[in-house]
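User: Please take a close look at one part of this structure for me. Then place that part in its wider setting. I am a first-year student, so explain each term when you use it.

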Amino acid sequence: MDLSLNEDQRQVLDFIDSLARPFAGVPLHDVSLALESADLDAQLLENGFLDVMAVEELGPVTAALVVEKLARLPFAVEAAASSFVRPLIDAELPRPLCLVEEGRVTGPVRFLRPGATIVVVGPSGVRSFTADDSMIAPAQEDTLYAYPVAFLTALPDRMATHEADPAQVLRAWRVAIAAEMAGLLGAALAATVTYVSERKQFGRPLATFQAMRHRLAEDQVMTNSVYWLALRAAGTGDPGDAALALLHAQDAAKRVCYDYHQFLGGMGMTLEHPLHLWTYRLKLLTAELGGRGEQGLAAATALWG
Amino acid sequence: MDLSLNEDQRQVLDFIDSLARPFAGVPLHDVSLALESADLDAQLLENGFLDVMAVEELGPVTAALVVEKLARLPFAVEAAASSFVRPLIDAELPRPLCLVEEGRVTGPVRFLRPGATIVVVGPSGVRSFTADDSMIAPAQEDTLYAYPVAFLTALPDRMATHEADPAQVLRAWRVAIAAEMAGLLGAALAATVTYVSERKQFGRPLATFQAMRHRLAEDQVMTNSVYWLALRAAGTGDPGDAALALLHAQDAAKRVCYDYHQFLGGMGMTLEHPLHLWTYRLKLLTAELGGRGEQGLAAATALWG
Amino acid sequence: MQFEWTAEQDAFRHKIRDFLHANLPDDWEKFSEHGPASPALTAFAREFCVKLAEAGILFPHWPVEMGGEGLGPWEQQILSEEMWIAGEPRGGQYMNVNWIGPTLEKYGSAEQKARYLEPITRGESLWCQGFSEPDAGSDLASLRTRATLTDGNYVINGQKIWTSYAGLADTCFLLTRTSDDRKKGITIILVPMDTPGITVRQIPSLIGEGDIHEVFFDDVTVPETARFGAEGQAWEIVAYSLRNERLGIPRFTLARAALDRGVAMLQGQGRFTREHVRIEAARCAALCEAAGTANYAVVQKRVDGLAIGAESSSARYATVMAERAVCEFVVEFLPEALAGASPYLKMHHQRGIVAGVAAGAAEIQLNIIASDVLELPREPR
Amino acid sequence: MQFEWTAEQDAFRHKIRDFLHANLPDDWEKFSEHGPASPALTAFAREFCVKLAEAGILFPHWPVEMGGEGLGPWEQQILSEEMWIAGEPRGGQYMNVNWIGPTLEKYGSAEQKARYLEPITRGESLWCQGFSEPDAGSDLASLRTRATLTDGNYVINGQKIWTSYAGLADTCFLLTRTSDDRKKGITIILVPMDTPGITVRQIPSLIGEGDIHEVFFDDVTVPETARFGAEGQAWEIVAYSLRNERLGIPRFTLARAALDRGVAMLQGQGRFTREHVRIEAARCAALCEAAGTANYAVVQKRVDGLAIGAESSSARYATVMAERAVCEFVVEFLPEALAGASPYLKMHHQRGIVAGVAAGAAEIQLNIIASDVLELPREPR
């Protein structure tokens, strides 16, 4: 048992910090909540940050740390699937990677666009294809999610088949999303804490009101443990740990998203405060892989049969 | 739509108030949490308070008001089943009435004792029998529930069969328990409010701390709506309303029981404060009819098929 | 007690539904995505409310002497419910009939009544409500927008925020400060929005176009006759108008309708089979119905002619709980709804997330419940 | 980072388990219902701890100079976990090895060390902790039990409450007031419980026999040498001892074990099939594991030789959430467990409901998290 960052991990995180610094600001945006940056994406790729899982001295815990850290940025980056699932299937698949559950393809698909690789995971195995215009329906422009999303209108007749074990891919998928949610939860909490510490009401900062303090403190407890459960699930590779981590992350997200906007009052309804960039990603991830109930069922089966 | 008490209802409640006044105090008790009073029970019976449902000008809403009011007393009274279920089956059945679900007879049965009428409700219909020593296993003396409970060791080979519709009995059962929980929730809230308004910590009453105020206020909202949903379910006779009322009551109970003991601090761990009389009844009723999930499923079926 | 509607009440509800069915366009749900405060819906409402007025269901709850039918609080409730479930085709005009009209009748000068009441009854006017300020959100008493009486005119300087409808409204029901007394120094002025010196900036928002604005007042000059009531009377007038609006919007009805809609979508796709999904849906329904009964208990007090107190805060908070639960249900089990698959559910989500902020933040309701329902000893200030 | 135990750590855990298996009686679970502070379990613990001492697992985490093996924080954690899962057969003696011994070593006089350390290491002594008072529960600084130095003796008058083990303990680790300075006026005195003038009244409780007492001190007279540390040093000493006990009892391990036990009972009866039951169980497991990792993050800081700060409050609160969830799971789905069907689950329930109250109320942990982890601006006092 050793829960300290090792030297390699510290270096990777520091490097990302400096690389990401120019991308920490929130550009003005009006209707669309989905901010992306091709430049950031390219730099991450170039520096190999989305490939750390396969590096022996780094491995999955470091990959989770990377995904967690990137999720804190205002820009949505397709890091989770690329970091955790791509190495299990085929490290050369073109990004972005869009993960879709077999039999549940009607939902909004994050990062779906022409050229993206769609990976379909399910009982029949792990298959993939490259998306093109003919199979994509755009979401309405003012979708409420802070990811780029689109809908699949059809699956192609032929897909590439991969050797990978679907159960393993599913496990990695859960870890990846849990790690991403850990970062989103951390960023949303930090943004809320900053705002309520500064914003005054009734002559004192909002954060001095005990009811809000206690709720934020409980949110800190949840956020902290989502972080640890995600890292642990990455480290142990255990399917039960992965399902518990995502269940806990989705429970936490459900708990905090409404609260944080509430704490911001009117400002929480605007696009002038960036909170929505994290919460409206969390909301979509609440539904990932069927939502909390499905993670709970998966965890129960893994833990108790 | 008329949500005011009518004159009859007001009179019944006033009458119960004066009848119950001598029983409002909490006698000393050490290990057993289950307080009963044969005297109170006899007076209620004698004055017909457990039979108001069948009285035309009173009816089920008044029965729910009676059950709610009686649940606020420190003494556990078998009023819910007698008021709501007995009239549907056979008004002459000896009390106490113990309701048991077919196929789920292993749980603790409230008020089970020799001479009690056990009503078994389920797909096979509505059947009953009189319990005797041979089929009763006592709970351990220091059970944590504030009801008298015991276990059924066996069902007799022969039971009386009743004409009643099991679905109707189940509906009435849900309403009855929801009304009882409404009263328990009200009493538990009142007891907690009184304590924290008087008890000082850090030089001021506990109730002046905003975090506790807000949680208690939310509890008030839940408690208030449990009351209304129970009365409405009694009034409409709708199975969906009944399931929703009990679901909401069980959700509320789960929410408040832990909190209230927490708010009382060390005193909440003792038997010197009577809070446990209500909360440790609520806890057992949380499990009634299989708990929240089963009420939710029943409600969903009633509402949406 | 009686938990069913009378035949007359049912008939009144059906009259409204029939009207809506006949007068809302086929693409209404998609259209209503524009948002209740958008230019498109505001324009629509100007025509729709005229028709409502003609059909006698714009203000049937007003007293006969005001031109209404003198229907009771239950009928007002039914009207509000049906309009809100339908996505509020009256746009911002719902405020006119719920509280601006009655408040004008009680406190307005003869000139003000003559000028403002008729356009309201014709379904043609739109108001905005200049209450919140950057440093006075829930804390109205600390507002700072200053009105100075000079030579028979009020000169107004200051800033309002969150103001809904500001970009399109004809008139602002504006709270101003005329002296330093926290509460008694506040005065209402009815300000035409085309008065020089008013600048409206729309703030892009999560909840739809036209819903949130900043309004700047730079030496805005209106005659003294624009004052509504006496100087310093704002606190009393606002309390009166809130009493008329105490219950606010019957949000629980839309929440329940959205839930039913969501369940139907899931059923249509064979996805309403999982136990936990069904249980969550039932829990949402329980919260909606809980909010409904809690609200009805408040309406009952109006029916009985009793003063409405803190229990309205309990009803409002119950509504917030229901709104939240339904929003979360949709997000978890029908994520596609917010990305284009259901304009109705997206509309509900956008209105739902405001429930705890608009018209008295949820935390304020909790404070009131703690102090006035539970009668807990007050917090130290 | 590394989320698995080393082989040595696994071996240490198995050594403890083997010892427990060999030394706990067959009816242990039923027996443990007597409660950790009951006369029966206290008597049992006096024999059991002697055997633990002989086997070298009473205080293996103590430094070698104190007679321990100098094992690290992880091993102390493992020891605590295994004992607590087993229902804490050490009874109140767990306090001796976790913090009373180390605190004696650091702050005790030679005479005090000689008198008190050896019985601890033999597994024969029982202490109680005289901290809380009727008007000073979580607010230690306002305590009022007065100790007056007269002619070389302290004369003690006052009252303590909630005191666990008080009826059976040999010695009380007593906080007294020796001057009016809120924090610097507090002094520790080690008071033999058979000193005349001490009256112990047991308070009947939900959580088991012997767990809650009032202790009255009427002119209780002890020699000045009974003072522990200097006058006014109590605040510092308590902070030190809490640092040794910062994590408190590893409750999450028992919560998880109780959950597994409950699931097994449900499975045995074919009742672990309903989706919502399975989901709730998983949610409980997630909270237990969440508390576990949060606690381990604190242990890691001890391993790394870092000061432990407010993150221990976060870990403690995570533990309270897990305890609560498991208690509620059992109540809802295995109600028979608390009426006699499972002594183990009843034992967990009774210990679980204390989690948020004992050793720093949950609300205090939230205050600390808010101020020191989130660094929110302080509340006005």
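Analyst: Start where chain C meets chain D. About 380 Å² is buried between these two chains. Buried area is the accessible area, found with a 1.4 Å probe, that two parts lose on being put together, summed over both. Carbon and sulfur atoms give 44% of that buried area. On the chain C side, the residues that lose the most area to chain D are E275(C), H276(C) and I279(C). Together, these three make up 87% of what that side buries. Four residues from chain C and four residues from chain D take part in the contact. Here contact means heavy atoms within 4.5 Å.

A word on how to read these values. This is a predicted model, in which local features need pLDDT of at least 70 and side-chain atom pairs count only at pLDDT 80 or more, while totals for chains, interfaces and linings use all residues; side-chain values use heavy atoms, without hydrogens and water. Residues are numbered from 1 along each chain as its sequence is written, chains are lettered from A and ligands numbered from 1, in the order in which they are written.

Now step back to chain C as a whole. Chain C has 12 helices and eight strands. These are DSSP runs, numbered from the N terminus: helices are H or I with at least four residues, strands are E with at least two. Chain C is as compact as a globular protein of its length, because its radius of gyration is 21 Å, close to the 21 Å that the globule rule gives for 381 residues. That radius is taken over C-alpha atoms, and the rule is 2.2 Å times the number of residues to the power 0.38. Along the principal axes, the C-alpha atoms of chain C fill a box of roughly 70 × 55 × 45 Å.

What share of chain C is buried? The figure is 63% of its 381 residues. Buried means under 20% relative accessible area, exposed means over 50%, and partly exposed lies in between (1.4 Å probe, protein chains only). The fold also links distant parts of the sequence. Of the contacts in chain C between residues at least 6 apart in sequence, 72% join residues at least 24 apart.

Two residues of chain C show both settings. I368(C) sits in helix α12, residues 362-373. I368(C) is partly exposed, because its relative accessible area is 27%. Setting aside neighbours within four places in sequence, I368(C) is in contact with A310(C), S313(C) and V373(C). From I368(C) to R316(C) is 52 residues in sequence, but 11 Å in space, C-alpha to C-alpha.

Q76(C) belongs to helix α4, residues 73-85. Q76(C) counts as buried, because its relative accessibility is 10%. P60(C) is 16 residues from Q76(C) along the chain, and their C-alpha atoms are separated by 7.7 Å.

Finally, look at chain A. Its secondary structure comes to 10 helices and nine strands. Chain A has a radius of gyration of 19 Å, which agrees with the value near 19 Å for a compact globule of 305 residues. Its C-alpha trace spans about 65 × 50 × 40 Å along its principal axes. In chain A, 67% of the 305 residues are buried.
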